[in-house]
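Work through the exercises below with the sequence and the coordinates open. Each task is followed by a solution in steps.

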Amino acid sequence: MTSAETIDGVRLLSWARRSAEDLGRHREEINSLNVFPVPDSDTGSNMAFTMAAAVREAEKCEPDASAEVIAEALAVGSIKGARGNSGVVLSQVLRGVAQAAAEGELDGSAVAAALSNAVAFVERAIAEPVEGTIITVLREAARAAEGASISNSDLGDVTSAALTSAEDALANTPSQLAELREAGVVDAGGTGLVLLLKV
């Protein structure tokens with residue numbers, strides 16, 4: 001990837017579709033990790049439903065719609081369809097993408113801004129954020145992306161930095177939450193977020 005590479009509307013919608021498919025495919029696996037705050041085994045289902053709602057809204061747009069239009073539709077769809085805390089966090093990530101797309105091209109710097117925006121939105125949307133959850137994974141991904149984008153707006157480099165940091169943060173979640181440590185699992189919502197960054 002070159003530093004000039006950006007995400008257009010077609011690529012953004014393609015990413016959203018792949019993300020929805022991946023979340024659907026891994027839904028039960030993510031559900032099985034869901035032990036915090038209660039073991040209700042619905043995090044994977046909630047994230048898959050939320051992302052599918054986002055895609056349905058975006059698919060109403062014209063085939064040649066810009067990244068800004070697609071991003072706004074994804075955000076609207078996800079906010080309308082958000083289920084559970086994990087769905088709310090996912091909707092705020094897409095809201096962050098929409099804000100970044102409205103301010104210019106979606107390159108590596110914009111992706112970093114989108115993740116940072118999402119952290120701010122999530123911290124306002126979730127009454128009592130808990131460390132060792134999807135929120136921690138998102139925050140660490142945002143920090144890494146922002147750091148990488150300072151000297152390099154390459155899309156691949158920024159997303160790679162975000163993914164690596166998110167994976168490290170996810171692996172550390174059991175050390176932050178006793179419930180995860182006792183069950184021998186990592187955070188379910190964080191697992192879903194890492195999947196999105198991999199797509």
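**Exercise 1. Place Arg181 in the fold and describe its surroundings.**

Step 1. Arg181 belongs to helix α9, residues 178-183; helices here are DSSP runs of H or I with at least four residues, numbered from the N terminus. The model is predicted: local features need pLDDT of at least 70, side-chain atom pairs count only at pLDDT 80 or more, and totals for chains, interfaces and linings use all residues. Residues are numbered from 1 along each chain as its sequence is written, and side-chain values use heavy atoms, with hydrogens and water left out.

Step 2. Arg181 counts as partly exposed because its relative accessible area is 46%; buried means under 20%, exposed over 50%, and partly exposed in between, with a 1.4 Å probe and protein chains only.

Step 3. Not counting residues up to four places away in sequence, Arg181 touches Pro174, Ser175 and Gln176, where contact means heavy atoms within 4.5 Å.

Step 4. Thr6 is 175 residues from Arg181 along the chain, and their C-alpha atoms are separated by 40 Å.

**Exercise 2. Is Ser160 of helix α8 buried or partly exposed?**

Step 1. Ser160 has a relative accessibility of 40%, so Ser160 is partly exposed.

Step 2. From Ser160 to Leu115 the C-alpha distance is 13 Å, at a sequence separation of 45 residues.

**Exercise 3. Describe helix α1, from its cap to its packing.**

Step 1. The N-terminal end of α1 is capped by Asp8, with a side-chain oxygen 3.3 Å from the backbone nitrogen of Val10. Such a polar contact is a pair of N or O atoms within 3.5 Å; within protein, one must be able to donate a hydrogen and the other to accept it, and residues adjacent in sequence count only if both atoms are side-chain atoms.

Step 2. α1 covers residues 9-25, 17 in number, and its first and last C-alpha atoms are 24 Å apart, close to the expected 24 Å. The expected span is 1.5 Å times one less than the number of residues.

Step 3. Among the buried residues of α1 are Trp15, Ser19 and Asp22. The buried residues of this helix pack against α2 (27-33), α3 (43-58), α4 (67-81), α5 (84-102) and α10.

Step 4. Asp22 is buried because its relative accessible area is 17%. Beyond four places in sequence, Asp22 touches Leu195 and Val199.

**Exercise 4. How many residues of α10 are buried, and what do they pack against?**

Step 1. In α10, 9 of the 11 residues are buried, and the helix is mostly covered.

Step 2. The packing partners of these buried residues are α1, α2, α3, α5, α7 (134-151) and α8.

Step 3. At the start of α10, a side-chain oxygen of Asp187 comes within 3.2 Å of the backbone nitrogen of Gly189.

Step 4. Thr191 lies in this helix, residues 188-198, and is buried because its relative accessible area is 11%. Leaving aside neighbours within four places in sequence, Thr191 is in contact with Ile30, Leu33, Leu170 and Val186.

**Exercise 5. Which residues of the largest nonpolar core touch the most other members?**

Step 1. A nonpolar core is a set of buried Ala, Val, Leu, Ile, Met, Phe, Trp, Tyr and Cys residues joined through side-chain atoms within 4.5 Å.

Step 2. The largest core has 65 residues, and Leu12, Leu23, Met51, Leu74, Leu106 and Leu138 touch the most other members.

Step 3. Outside four places in sequence, the contacts of Leu138 include Val89, Leu115 and Leu193.

Methods: Helices (H or I, at least four residues) and strands (E, at least two) are DSSP runs, numbered from the N terminus.
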